[in-house]
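User: I would like to go through the packing and the surface of this chain. Please keep the answers short and reasoned.

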Amino acid sequence: MMLLNHAATAAVSLLAFALLALAMGRPQQTLFGRELAAGRTRALRIGGWAALVASLAIAVKAQGWALGLVAWCGHIGLGAGLVILALIAWDRRQARR
């Protein structure tokens, strides 16, 4: 059960940072070739923050405040790092074309 909670926290954290990255101008230019409309960008930002809060809730519910916050910090660090690496890889792949 603990492994499932960690997997859920990690997956929701990854989703959160992907949404937050898509809410920024440069990743939008890189991935879509243009900036998205303001309303869509706002929705992505709100969704990203909501997913971060949801991942915190999953971690704290599973492990309590003390250990849950520590685990959550690790999961959000992993999620942010994976999103950054994916954006760098995408940008380099596009530059080769």
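User: Leaving aside neighbours within four places in sequence, which residues is Ala-59 in contact with?

Analyst: The model is a predicted one. With neighbours within four places in sequence set aside, the contacts of Ala-59 are Thr-9, Gly-64, Gly-68 and Trp-72.

User: Which helix gives the most to the largest nonpolar core?

Analyst: This core has seven residues: Ala-16, Leu-20, Ala-51, Leu-52, Ala-59, Trp-72 and Ile-76. Two or more residues come from each of helix H1 (2–22) and helix H3 (38–96). With five residues, the most is given by H3.

User: Which element gives the most to the nonpolar surface patch?

Analyst: The patch covers about 530 Å² and is made by Leu-14, Leu-78, Leu-82, Ile-84, Leu-85 and Ile-88. Five residues of the patch come from one element, helix H3.

User: Is Ile-88 buried, partly exposed or exposed?

Analyst: Ile-88 is part of helix H3 and of the nonpolar patch. Its relative accessible area is 39%. Buried requires under 20% and exposed over 50%, so Ile-88 is partly exposed.

User: How does Ala-11 classify by relative accessibility: buried, partly exposed or exposed?

Analyst: Ala-11 belongs to helix H1. Its relative accessibility is 44%. Because this value falls between the 20% and 50% cut-offs, Ala-11 is partly exposed.

User: What separates the C-alpha atoms of Ala-11 and Ala-51?

Analyst: Ala-51 is one of the core residues. Along the chain, Ala-11 and Ala-51 are 40 residues apart. The separation of their C-alpha atoms is 9.8 Å.

Technical notes: Residues numbered from 1 in each chain as written. Predicted model: local features only at pLDDT ≥ 70, side-chain atom pairs only at ≥ 80, totals over all residues. Heavy atoms only, no water. Core = buried A, V, L, I, M, F, W, Y, C linked by side-chain atoms within 4.5 Å. Buried < 20%, exposed > 50% of the residue type's maximum accessible area, 1.4 Å probe, protein only. Helix = DSSP H or I, 4+ residues; strand = E, 2+ residues; numbered from the N terminus. Contact = heavy atoms within 4.5 Å. Patch = residues over 30% accessible without salt bridge, like charges linked within 9 Å, V, L, I, M, F, W, Y side chains within 5 Å. Areas by Shrake-Rupley, 256 points an atom, 1.4 Å probe, with all protein chains shown as cover. Salt bridge = Lys/Arg side-chain N within 4 Å of Asp/Glu carboxyl O.
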